[in-house]
Amino acid sequence: MDVSHLLDSLNDAQREAVASPPGACLVLAGAGSGKTRVLTHRIAWLIQTEGLSPYSILAVTFTNKAAAEMRGRIEQLLALPIRGMWVGTFHGIAHRLLRAHYQEAALDQNFQILDADDQLRLVKRVMASLDIDEKKWPVRQAVGFINGQKNEGHRPAHIEDYGDFYLKTHLEIYRAYEAACQRASMVDFAELLLRAHELWLGNPAILKHYQNRFGALLVDEFQDTNTIQYAWLRVLAGDKNNLMAVGDDDQSIYGWRGAKIENIRRFTDDFPQARTIKLEQNYRSTSSILKAASGVISQNVDRLGKELWTELGDGDPIQLYAAYDEMDEAKYITERIRQWVNEGNLYAEAAILYRSNAQSRVLEEALLYAQMPYRVYGGQRFFERAEIRNLLAYMRLVSQRDADAAFERVVNTPSRGVGDRSLDAIRHLARATDISLWQAAHRIVDEKQLPGRAVNAIHAFIELIDALDKETQGAPLPKLVDTLAEGSGLRAQHEKEGGERAQTRLENMQELVTAAGSFNPREDYTFSEPSDGQPSVSLLDEFLNHAALEAGEGQGDPEEDCVQMMTMHSAKGLEFPLVFLAGMEDGLFPHSMSMEAPGRLEEERRLCYVGITRAMRQLYLIYAESRRINGKERFNRPSRFISEIPKDLINEIRVKQTFVRPANQMRSTFAQGEVAGTNLKLGQRVTHARFGEGVILNSEGEGSNARVQVNFPDAGSKWLMVELAKLDPIA
DNA sequence: AAGGCAAATGTTTTT
DNA sequence: CATTTGCCTT
């Protein structure tokens, strides 16, 4: 078969990777070096020249989006649908395995997936039952502990507390939480992975089956794998070692979520025969942008080391703008975008990237004011919205009465007179007699264990769910959702609320009806194959599982031409001709919570690298000399990352106009705080021999070590040693 | 048990 | 500043 079309369009390194002989292979793929191309071509190559059946290929990604894109591109490349091939996320694949082997995994057939919110609620409840004070032991920390341990593959039994009170308490919570999950057959995200791993370790026959089946494994974004994911891959790879890992250590930005950048380094230890291939030619950005990115990332130690290069030429320099404040920053960005569009370009080619979601507000206002279309990505996802989760809980309850998480969520939503005391009683009974909340509620009603009013309220809820179940028997999915939205009283609740927010919630619920209508499990790649002859779950249950695993990013009109706004985290993997990195200030980026620890600072730096390398042609860095953060005026220094970019690549933009402001406005904003051990204070106007007149924005140190940041109309803001700079205060 | 007002609290988030 | 939490009152 002629397969030249698979290799012709590739460069040498890409070709080497695509056509590499069977065995372990590590592909270090720099930003914009065509890694998805390599992965898809590799799969096509395996099928067309190595003679592998699609059935024997497993490709793992981190996001549903990436999985869907990969599947689409392979089918395009092969010009035929690929049946039998497993392409999915780690979690999706683990889920599928557990469904197929639920007995060996010690789960009910109808085990339920807990998403992050369900998990938090459950841990909270577990802690309450253990009488652990939430004030002293933050729930989020306990959840973090549990997930952290699971990500490392540790069960409570594996953990030694060494008498440490912190460990001891968290271990107690972990143990109780695990018991609660097992009792109700609930599985959180980390558990999916851990259990899938244990499934194989504990069932050699099953493991052997999959080892035999999968002749080739491929992993995308390998730098983001955590310990258990990597262990899972190694076990599956078995003796064949036919594993291709594609990743970029410089783009590891999820360490705080358990990702182990070390896995990349370990790979060549674990697979000594592994070939390592570096993809260093970048097809995305101009040379200036790549050099800037390289300048920043080279400050990190212990990199595997890649040097990106391009044939696209230098391009424009990096533009640096010192904004007066966050409003000026936003205004400046809109002006540049206006110019960009006036030159005949699209809004959609421009992206504004920032470190934290809170920054989007001011930017949005400016875009709104400038009447530019925009779209904010990230933030709250569809299936995570409260109204959607409430409705899903009703659906779950109609399907499975014993779903405790769902019961707890909606038994009093909308409020129907089942308060904390009643709920406590139900929980106690359930725990004492080892039954579900639903059964406990039933018994309390039957035996009238509570005051009449409470019993009536609980009874009403039980009747409601039973009635809704009866009413929706055999109904198509969208009809069922619609009936529940109405019958639960959720719709009425939001209608009563009134206001724009409530209106959006109603629309979202309607959207869920629509989503249920277009839901087709056969199209869902995580279940595209009948699960080995096991009895299938109901369409409703399948929809609910789908909702848990896929948070639902796919709404909105991606076709619309609008400015793209998102965090730098969400921007990973994307590219834009024109990129603005907003809020380039120490404290914001790198974030103050990550500035101290060297390891975390390096991750921030990698995030900066990711941000810079999103840009194809033009890159703007903007910092604000003053910024309102949480209602307080802050005077941050320009981000240290800016100074890590070679000076000759940067073009500093000065707009003097922004400093011509009424003096009284300046005073009122700045006048507070003394610079200890000097005759200066913040907001003070001073003159400097060379830079002229300026205003003191910020200071650090005291006495002879004091440095002040002075904003000069012409020279911009400078950090000066008070002792050396000879600043003269002016009244 | 529900609703209202003061106080506390602010990263990033593929599943 | 803006949103969520928690206490307090009906």
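## DNA strand B

Around DNA strand B sit 32 residues, with Arg257, Arg355, Arg381, Thr567 and Ser594 the closest; a residue is near a molecule or strand here if one of its heavy atoms lies within 4 Å of it. Of the strand B atoms that come within 4 Å of the protein, 49% are sugar and phosphate. This is a predicted model, where local features need pLDDT of at least 70, side-chain atom pairs count only at pLDDT 80 or more, and totals for chains, interfaces and linings use all residues. For bookkeeping, residues are numbered from 1 along each chain as its sequence is written, chains are lettered from A and ligands numbered from 1 in the order in which they are written, and side-chain values use heavy atoms, with hydrogens and water left out.

Now for some polar contacts (pairs of N or O atoms within 3.5 Å; within protein, one must be able to donate a hydrogen and the other to accept it, and residues adjacent in sequence count only if both atoms are side-chain atoms). The side chain of Arg257 puts an N or O atom 2.5 Å from a base nitrogen of DNA strand B. Thr567 goes for the backbone of the DNA instead: a side-chain N or O atom is 2.6 Å from a phosphate oxygen of strand B. For the side chain of Asn412, the distance to a phosphate oxygen of that strand is 2.9 Å.

## What the strand B surface is made of

Sorted by class, the surface near DNA strand B holds 6 nonpolar, 17 polar and 9 charged residues. The classes go like this: Ala, Val, Leu, Ile, Met, Phe, Trp, Tyr, Cys and Pro are nonpolar, Asp, Glu, Lys and Arg are charged, and the others, Gly among them, are polar.

Which helix gives the most to this surface? That's H18, with 3 residues. Helices H18 (420-433), H25 (568-571) and H26 (598-612) each supply at least two residues. Helices (H or I, at least four residues) and strands (E, at least two) are DSSP runs, numbered from the N terminus.

## DNA strand C

The residues around DNA strand C are Lys135, Arg361, Asn630 and Gly631. By class, that makes 2 polar, 2 charged and no nonpolar residues. Sugar or phosphate accounts for 30% of the strand C atoms within 4 Å of the protein, and bases for the rest.

Arg361 has a side-chain N or O atom 3.2 Å from a phosphate oxygen of strand C. Asn630 uses its backbone, with an N or O atom 3.5 Å from a base nitrogen of strand C.

## A parallel strand pair

Strands E2 (residues 57-61) and E3 (residues 86-89) pair in the parallel sense over 4 bridges; pairing takes at least two DSSP bridges between the strands. To get from E2 to E3, the chain passes through helix H4 (residues 64-78) in a right-handed β-α-β crossover. Right-handed here means that, with the strands pointing away from the viewer, the path from the first strand over the helix to the second runs clockwise. One bridge joins Leu58 to Trp86 in E3.

## Helix H11

Is helix H11 (residues 227-237) mostly covered or exposed? Mostly covered: 9 of its 11 residues are buried, including Tyr230, Trp232 and Leu236. Buried means under 20% relative accessible area, exposed over 50%, partly exposed in between (1.4 Å probe, protein chains only).

At the start of H11, a side-chain oxygen of Asn226 comes within 3.0 Å of the backbone nitrogen of Ile228. Just after the helix, Gly238 has a positive phi of about 55°.

## Aromatic pairs

The whole structure has 24 aromatic pairs. Rings of Phe, Tyr and Trp (its six-membered ring) pair if their centres lie within 6.5 Å; planes under 30 degrees apart are stacked, over 60 edge-to-face, and the rest tilted. Trp200 and Tyr210 make a tilted pair, at 6.1 Å centre to centre and 35° between the planes. Trp200 sits in helix H9 (residues 189-202) and Tyr210 in helix H10 (residues 204-213), 10 residues apart. Trp200 is buried, at 2% relative accessibility, and Tyr210 is buried at 2%. Phe62, Trp86, Phe90, Trp200, Tyr210, Phe214 and Trp232 form one aromatic cluster.

Phe589 and Phe641 form an edge-to-face pair, 5.3 Å centre to centre with 70° between the planes. Phe589 lies in the loop between strand E13 (576-581) and H26, and Phe641 in helix H27 (residues 640-643), so the pair ties together parts 52 residues apart in sequence. Both Phe589 and Phe641 are buried.
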